[in-house]
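Student: I would like to go through this model by asking how each label is justified. Could we set each value against its cut-off before we conclude anything?

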Amino acid sequence: MSLVLKIAAVALAASLLSSFLKESRPEFVLPLQLGFVVVVCALVISFLTRNIGSIFEKYACSVIPDSYISVMLKGMLVSVVCTVCASLCRENGSRALADAVEFSGRVLILVFCVPFIRSVLETALMYVR
């Protein structure tokens with residue numbers, strides 16, 4: 001919960017600074033927003049590195065292979081990065097670039113899921129035969 005409060009405080013500060021700078025120095029708004037994204041990513045990555053081991057330990061005893069959990073985590077990471085990048089692009093008036101980033105993220109997630117989809121199809125075919 002404290003991570004969410006830290007992120008909210010940094011976001012509020014960045015938002016207020018952005019709104020003040022937008023009128024007087026608009027060229028500093030994008031670097032400020034990118035700096036905010038870097039700070040938030042650093043907070044989240046530090047949180048994940050402390051807790052990611054427990055996720056794998058928890059599911060090590062289950063029937064879910066580690067590769068599936070890895071695919072889910074990669075997909076979540078791609079989704080978050082593409083969403084943030086697309087939001088920054090839209091904020092700065094580049095809708096086409098934002099759409100391209102989101103599309104590329106969807107394609108990457110689909111590519112990550114190919115082994116998982118193949119495994120599901122092979123399992124289904126075993127039961128059909």
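Student: What percentage of the 129 residues in the protein do buried residues make up?

Tutor: Bear in mind that this is a predicted model. Buried residues make up 14% of the 129 residues in the protein, where a residue is called buried when its relative accessible area is under 20%.

Student: Which elements make up the protein, and in what order do they run from the N terminus on?

Tutor: There are four helices and zero strands, so the order, read from the N terminus, is α-α-α-α, with helices taken as DSSP runs of at least four residues.

Student: How do you know that the length of α1 agrees with its number of residues?

Tutor: Helix α1 covers residues 2–24, and its 23 residues, at 1.5 Å a residue, should span 33 Å; because the C-alpha atoms at its ends lie 34 Å apart, the two values agree. Within α1, the buried residues are Leu3, Ala14 and Ser18.

Student: Why is Val101 called buried?

Tutor: Val101 has a relative accessible area of 15%, and because buried means under 20%, Val101 falls in that class. The residue is found in helix α4, residues 95–128, and its C-alpha is 6.0 Å from that of Ala86, although the two are 15 residues apart in sequence.

Student: What makes the contact of Glu91 with Lys22 a salt bridge?

Tutor: The closest N and O atoms of Glu91 and Lys22 are 3.2 Å apart, and because the rule asks for a side-chain nitrogen within 4 Å of a carboxyl oxygen, the pair qualifies. The pair links distant parts of the chain, with Glu91 in helix α3 and Lys22 in helix α1, 69 residues apart. Side chains of opposite charge can pair when their charged atoms come close.

Student: Are Glu91 and Lys22 buried, exposed or partly exposed?

Tutor: Glu91 has 45% relative accessibility and Lys22 has 44%. Partly exposed covers the range between 20% and 50%, so Glu91 is partly exposed, and Lys22 is therefore partly exposed as well.

Student: How many salt bridges does the rule give, and which residues are linked in a network?

Tutor: The count comes to four salt bridges. One of them joins Arg25 to Glu27, with the closest N and O atoms 2.8 Å apart, and another joins Asp99 to Arg90 at 3.1 Å, N to O. The residues linked in a network of salt bridges are Arg90, Asp99 and Glu102.

Student: Why is Arg90 called partly exposed?

Tutor: Its relative accessibility is 31%, and because this value lies between 20% and 50%, Arg90 counts as partly exposed. The conclusion for Asp99, at 43%, is likewise partly exposed.

Student: How many disulfides does the structure hold, and what class of exposure do Cys41 and Cys113 have?

Tutor: The structure holds zero disulfides, a disulfide being a pair of cysteine sulfur atoms within 2.5 Å. Cys41 has 37% relative accessibility and so counts as partly exposed; Cys113, at 22%, lies above the 20% cut-off for buried and therefore also counts as partly exposed.

Student: What is the volume of the largest pocket, and which residues are closest to its centre?

Tutor: The largest pocket has a volume of about 570 Å³. It is lined by 18 residues, of which Val44, Leu48, Leu77, Val80 and Val81 are the closest to the centre. The elements that give two or more residues to this lining are α2 (29–60) and α3 (66–91). By class, the lining of the largest pocket has 16 nonpolar, one polar and one charged residues.

Student: Which element supplies the largest share of the lining of the second largest pocket?

Tutor: The largest share of that lining, five residues, comes from α1, while α1, α2 and α3 each supply at least two residues. The second largest pocket has a volume of about 220 Å³, and its lining residues include Ala14, Ser18, Lys22 and Glu91. By class, the lining has five nonpolar, five polar and two charged residues. Lys22 and Glu91, which appear in this lining, are also the partners in the salt bridge discussed above.

Terms used. Residues numbered from 1 in each chain as written. Predicted model: local features only at pLDDT ≥ 70, side-chain atom pairs only at ≥ 80, totals over all residues. Heavy atoms only, no water. 1 Å grid on protein atoms, 1.4 Å probe; cavity = no way out; pocket = protein on both sides within 12 Å on 5 of 7 lines; lining within 4 Å. Points joined across faces, edges and corners; volume = space filled by probe spheres on them. Nonpolar A, V, L, I, M, F, W, Y, C, P; charged D, E, K, R; others polar. Buried < 20%, exposed > 50% of the residue type's maximum accessible area, 1.4 Å probe, protein only. Expected span 1.5 Å × (residues − 1).
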